[in-house]
Amino acid sequence: MEIKNCKRCNRIFNYVAGKMICPKCKEEMEAQFQDVKDYMSEHKEAGINEISENCGVTNNQIRQWIREERLTFGDDSPIGIDCEGCGAIIKSGRFCPKCKTDLTRGLLDATRKEEPAEDYSIKKTQTAKMRFLEK
């Protein structure tokens, strides 16, 4: 375990993993998340600015929850964020479906091993024989 300072309140805490915020700040963020979720279920037409003002949460925090896919929206919702790849408007996550596909293909291509080229320099007329070196 490491001792770190909380990024939100600057308190010292035992850091294990994840975001560098203390347990108290994590609880507060979870409470804010539930408030945002409840507000969104009651006000389906609300935008990010309205949610931010009424719930006391920053716009950036709401966008972060959308990128983490903790908050998702339907196609009829006015809320959307930019795809990190092409800039298209998406409802959750970091990338649009097209960019996800392109990234997946790129990763698959990068991890594939190239097949060794067959050696055609040996003439087909030669037969396979065991050869011995004379001593």
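Before I start, one term: a helix here is a DSSP run of H or I that is at least four residues in length, and helices are numbered from the N terminus. Please also keep in mind that what we are looking at is a predicted model.

With that term in hand, let me begin with the largest pocket, where helix 1 gives the most to the lining, namely three residues. The space in this pocket comes to about 200 Å³, and its lining is made up of 14 residues, with Met-40, Lys-44, Thr-72, Phe-73 and Ser-77 lying nearest the centre. Sorted by character, the lining holds five nonpolar, five polar and four charged residues.

Let me stay with one of these residues, Ser-77, which sits in the loop between helix 3 and strand 3. Is Ser-77 buried or exposed? Its relative accessibility is 11%, and because buried means under 20%, Ser-77 counts as buried. A polar atom of the Ser-77 side chain lies 3.2 Å from the backbone nitrogen of Ile-79, and, leaving out residues up to four places away in sequence, Ser-77 touches Lys-44 and Lys-91.

Turning now to the interior, the largest nonpolar core has 20 residues, and those with the most contacts inside it are Val-36, Ile-51, Ile-62, Ile-66 and Leu-71. Helix 1, helix 2 and helix 3 are the elements that give two or more residues to this core, with the largest share, four residues, coming from helix 1. Apart from this core lies another, of seven residues, including Cys-6, Phe-13, Cys-22 and Met-29.

Finally, Ile-66, once its neighbours within four places in sequence are set aside, is in contact with several residues, among them Ile-48, Phe-73, Ile-79 and Lys-91.

How values were computed. Residues are numbered from 1 along each chain as its sequence is written. This is a predicted model: local features need pLDDT of at least 70, side-chain atom pairs count only at pLDDT 80 or more; totals for chains, interfaces and linings use all residues. Side-chain values use heavy atoms; hydrogens and water are left out. A nonpolar core is a set of buried Ala, Val, Leu, Ile, Met, Phe, Trp, Tyr and Cys residues joined through side-chain atoms within 4.5 Å. Buried means under 20% relative accessible area, exposed over 50%, partly exposed in between (1.4 Å probe, protein chains only). Contact means heavy atoms within 4.5 Å. A polar contact is a pair of N or O atoms within 3.5 Å; within protein, one must be able to donate a hydrogen and the other to accept it, and residues adjacent in sequence count only if both atoms are side-chain atoms. On a 1 Å grid over the protein atoms alone, a cavity is a set of points where a 1.4 Å probe fits but cannot get out, and a pocket is an open set with protein on both sides within 12 Å along at least five of seven lines; lining residues have an atom within 4 Å of a point. Grid points are joined across faces, edges and corners, and a volume is the space filled by probe spheres set on the points. Ala, Val, Leu, Ile, Met, Phe, Trp, Tyr, Cys and Pro count as nonpolar, Asp, Glu, Lys and Arg as charged, and the others, Gly among them, as polar.
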